[in-house]
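The following exercises are meant to be worked through with the sequence and the structure side by side. Try each task before reading the solution below it.

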Amino acid sequence: MTTSVTVALEQIDVQVGEVDANRDTALARSRAALSGGADLVVLPELAISGYVVDPELAGQIAEPLDGPTSAAFVALAAEFGGLVTYGFCERDGSDLFNTVVIVDGSGPVLHYRKLHLFDLEKGVYTPGDLGLPVADTMFGRIGVCICYDLRFVEVLRTMSLRGAEIVLAPAAWVGGFDRTVPVTGGTRHVDSVLAQANLDQVAVVAVSQVAGAARGGPATLGGSVACDAFGEVLAGPLSRTAADSAKVQLDLDAIRAARVRGERIRPRDDRRTDVYAVTYEGITW
């Protein structure tokens, strides 16, 4: 397994409901990133559908896991031998999910449905039912969450304790949680990412939609960011007003080494599991 992975942050602005156009944009940006040396491409939450919170529209544009978007990205991943991460509106029977998938050239390697629905999403999507999956890939052990999930500290902590080295967090960051939102630079979303990456000793790549208010959606904030397992910024915050991109190199050996901070500073060993614990699928840490 490689000890280094080049990750492309592809912050795009998408049109709500314009699936074909959004897919074309996402594919073009992903192709450029992969041909430019990226091993892993990360696109935003609901990158293919746009940030849809209208139930009727969502029902019209939703597609199954193995739909045309999957076919297109699997073919692209196969061409370059890489991984692509994208968000879309998924249909499974009568249920709609806010979903993120990581694909390689053979198909999905990780399938995640958003656990914590934000605001108007609660009137459209079914809460996620696939837990917090973590997958071993050719580029390390990867976990995924989506946007609002980052506001629940149990999410990154659980994936970290299950061995995740990199957590990907596609997003459509908006206001509404924090008292204020700065006009430029990093938002409080970024503050949360950096703090939790350090505390949980995982690298995090969070890629947001941007400029949604001009394209039929909410005022998405951009400001995508990537950091190492010490919470040190490697890229970003990206533009707050326009499509943007960046590449970062993640050193997997350095991520693993970050779990030990000194001879007597070992955050995972120092947890007081006699006092508290985290339980996931019947396993307790």
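**Exercise 1.** What covers the buried residues of H5? Work it out in this predicted model.

Solution. Begin by locating the helix: H5 comprises residues 188-200, which makes 13 residues, and its span from the first C-alpha to the last is 18 Å, close to the 18 Å expected at 1.5 Å a residue. Next, list its buried residues, which are His-189, Val-190, Ser-192, Val-193, Leu-194, Gln-196, Ala-197 and Asp-200. Then look at what lies over them: the cover includes helix H4 (153-161), together with strand E9 (203-208), strand E10 (225-227) and strand E11 (233-235). Finally, step past the end of the helix, where Gln-201 follows H5 with a positive phi, near 55°.

**Exercise 2.** Find the order of the strands in the open sheet of six strands, and say which helices pack on it.

Solution. The order across this open sheet is E5-E4-E3-E2-E1-E12, and the pairing is mixed. The edges are strand E5 (107-113) and strand E12 (244-251), each of which pairs on one side only. Direction ignored, neighbouring strands of this sheet are turned by 30° against each other on average. At one edge, strand E4 (residues 95-104) runs antiparallel to E5 and is joined to it by six bridges, with Val-101 standing opposite His-111 in E5. Now add the helices: H1 (residues 19-35) packs on the sheet, where it touches strand E1 (4-11), strand E2 (40-42), strand E3 (83-92) and E12, and its direction makes about 150° with that of E1. Helix H3 (residues 68-80) also packs on the sheet, touching E3, E4 and E5, and its direction makes about 15° with that of E4.

**Exercise 3.** Is Thr-85 buried or exposed, and which residues does Thr-85 touch, not counting those up to four places away in sequence?

Solution. First place the residue, which is found in strand E3. Its relative accessibility is 0%, and because buried means under 20%, Thr-85 counts as buried. Its contacts, with residues up to four places away in sequence left out, are Leu-40, Val-41, Val-42, Leu-43, Val-100, Val-101, Ile-102, Leu-168 and Pro-170.

**Exercise 4.** Which residues touch the most other members of the largest nonpolar core, and what is Met-159 in contact with?

Solution. The largest nonpolar core has 54 residues, of which Leu-156, Met-159, Leu-168, Trp-173, Val-205 and Leu-250 touch the most other members. Taking Met-159 and leaving aside its neighbours within four places in sequence, one finds contacts with Leu-132, Pro-133, Val-134, Gly-143, Val-144, Cys-145, Ala-164 and Val-167. Another core, of 37 residues, lies apart from the largest one, and among its residues are Val-19, Ala-26, Ile-48 and Tyr-86. Two of the contacts of Met-159, Val-134 and Gly-143, also stand opposite each other, Gly-143 being in E7. To complete the picture there, strand E6 (residues 134-137) and strand E7 (residues 140-144) pair in the antiparallel sense over four bridges, and E6 and E7 form a hairpin with two residues between them.

**Exercise 5.** How many disulfides does the model contain?

Solution. Two cysteine sulfur atoms must lie within 2.5 Å to be counted, and by this rule the count is zero. For Cys-89, the nearest cysteine sulfur is that of Cys-147, 16 Å away; Cys-89 is buried, with a relative accessible area of 2%. For Cys-227, the nearest cysteine sulfur belongs to Cys-145 and is 12 Å away, and Cys-227 is likewise buried, at a relative accessible area of 0%.

Key:
Residues are numbered from 1 along each chain as its sequence is written. This is a predicted model: local features need pLDDT of at least 70, side-chain atom pairs count only at pLDDT 80 or more; totals for chains, interfaces and linings use all residues. Side-chain values use heavy atoms; hydrogens and water are left out. The expected span of a helix is 1.5 Å times one less than its number of residues. Buried means under 20% relative accessible area, exposed over 50%, partly exposed in between (1.4 Å probe, protein chains only). Contact means heavy atoms within 4.5 Å. Two strands pair if DSSP finds at least two bridges between them. Axes are lines fitted to C-alpha atoms, for helices over the stretch in contact, and angles run from 0 to 180 degrees between N-to-C directions. A nonpolar core is a set of buried Ala, Val, Leu, Ile, Met, Phe, Trp, Tyr and Cys residues joined through side-chain atoms within 4.5 Å.
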